[in-house]
Amino acid sequence: MTTVSAGAGELGRLLTAVPPGERGATRIADRVVAKIASQAAREAVGTLPPDAGRPSASVVVHHEAAHVRVHVELDYPCDVGDRCRQVRHQVVDRVGALAGMEVPEVVVQVERLHLVAGPGAAQGRTR
């Protein structure tokens, strides 16, 4: 219990703690969670060619669980499955840590693959 003085000459009054069920709630907007997910995807994807778009995300929050859809562009050739797994893992970790939400679903949609110039690429050959 805390004693607070209302002013000079008045007696302090006791303030009682408000029970947890009556305190209210903190609600994190879907667009804030989407920004966290986008940043997490950027961290997981790493550096991309200059013409690649930045990852974006859309989120639906329902009962303290965030359902996330992430749109990414990747360099090619690469292990697309592994890169998508890294994005999913990073999004789950960052949204959980920063927003305190469970992330039961992360859909990674690869929008575009950017061909990385390598030996034989100029002649149109692939490995």
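Modeller: Let me start with a term we need: a disulfide is a pair of cysteine sulfur atoms within 2.5 Å. Please keep in mind that the model above is predicted.

Colleague: Thanks! By this rule, how many disulfides are there?

Modeller: Look at cysteine 78, whose closest cysteine sulfur belongs to cysteine 84, 8.1 Å away and too far for a bond. Cysteine 84 is in no disulfide either, its nearest cysteine sulfur being that of cysteine 78. By the 2.5 Å rule, the count of disulfides comes to 0.

Colleague: Is cysteine 84 buried or exposed?

Modeller: A residue is called buried when its relative accessible area is under 20%. Cysteine 78, with 24%, is partly exposed. Cysteine 84 has a relative accessibility of 9%, so the term that applies to cysteine 84 is buried.

Colleague: Let's move on to the surface. Which strand gives the most to the nonpolar patch?

Modeller: The patch covers about 360 Å² and is made by Tyr76, Val110, Leu113 and Leu115. Tyrosine 76 sits in strand S4, which spans residues 65–76. The most, 3 residues, comes from the strand covering residues 102–115, namely S5.

Colleague: What is the relative accessibility of tyrosine 76?

Modeller: Patch residues need over 30% relative accessible area. Tyrosine 76 counts as partly exposed because its relative accessibility is 38%.

Colleague: Which residue does a cis peptide bond join to tyrosine 76?

Modeller: Most peptide bonds are trans. Here the bond that follows tyrosine 76 is cis, with omega at about 10°. The partner is in the loop between S4 and helix H2 (80–99), and its name is proline 77.

Colleague: Backbone angles next, please. What is the phi of glutamate 64, roughly?

Modeller: Most residues other than glycine have a negative phi. Histidine 63, in the loop between strand S3 (56–62) and S4, has a positive phi near 55°. Glutamate 64 lies in the loop between S3 and S4 as well, and although it is not a glycine, its phi is positive, at about 60°.

Colleague: Is histidine 63 buried or exposed?

Modeller: A residue counts as exposed when its relative accessible area is over 50%. Glutamate 64 has 51% and so passes that mark. Histidine 63 has a relative accessibility of 69%, so histidine 63 is exposed.

Colleague: Now for serine 38. Which residue has its backbone nitrogen 3.1 Å from a polar atom of the serine 38 side chain?

Modeller: Serine 38 belongs to helix H1 (residues 30–45) and is buried, with a relative accessible area of 8%. Leaving aside neighbours within four places in sequence, serine 38 is in contact with Pro55, Ser56 and Ala57. The backbone nitrogen that lies 3.1 Å from a polar atom of the serine 38 side chain is that of alanine 57.

Colleague: And the charged residues: how many salt bridges does the structure hold?

Modeller: Side chains of opposite charge can pair when their charged atoms come close. One of the pairs here is glutamate 43 with arginine 94, at 3.6 Å from N to O. For the structure, the number of salt bridges is 5.

Colleague: How many residues apart are glutamate 43 and arginine 94?

Modeller: Both residues are partly exposed: glutamate 43 has a relative accessible area of 35%, and arginine 94 has 31%. Glutamate 43 is in helix H1 and arginine 94 in helix H2, distant parts of the chain, and the separation is 51 residues.

Colleague: Which residue forms a salt bridge with aspartate 51?

Modeller: The closest N and O atoms of this pair are 3.7 Å apart. Aspartate 51 is in the loop between H1 and S3 and its partner is in strand S5, so the bridge ties together parts that are 61 residues apart in sequence. Aspartate 51 is partly exposed at 48%, and the partner, partly exposed at 42%, is arginine 112.

Colleague: One last one: in which helix do arginine 85 and aspartate 82 both lie?

Modeller: The side chains of arginine 85 and aspartate 82 meet in a salt bridge, 2.6 Å from N to O. Arginine 85 is partly exposed at 48%, and aspartate 82 is partly exposed at 23%. The two are 3 residues apart, about one turn, and both lie in helix H2.

Methods:
Residues are numbered from 1 along each chain as its sequence is written. This is a predicted model: local features need pLDDT of at least 70, side-chain atom pairs count only at pLDDT 80 or more; totals for chains, interfaces and linings use all residues. Side-chain values use heavy atoms; hydrogens and water are left out. Patches are made of residues with over 30% relative accessible area and no salt bridge: like charges are joined within 9 Å, nonpolar side chains (Val, Leu, Ile, Met, Phe, Trp, Tyr) within 5 Å. Accessible areas come from the Shrake-Rupley method with a 1.4 Å probe; for residues, only the protein chains shown count as cover. A salt bridge is a side-chain nitrogen of Lys or Arg within 4 Å of a carboxyl oxygen of Asp or Glu. Helices (H or I, at least four residues) and strands (E, at least two) are DSSP runs, numbered from the N terminus. Buried means under 20% relative accessible area, exposed over 50%, partly exposed in between (1.4 Å probe, protein chains only). A polar contact is a pair of N or O atoms within 3.5 Å; within protein, one must be able to donate a hydrogen and the other to accept it, and residues adjacent in sequence count only if both atoms are side-chain atoms. Contact means heavy atoms within 4.5 Å.
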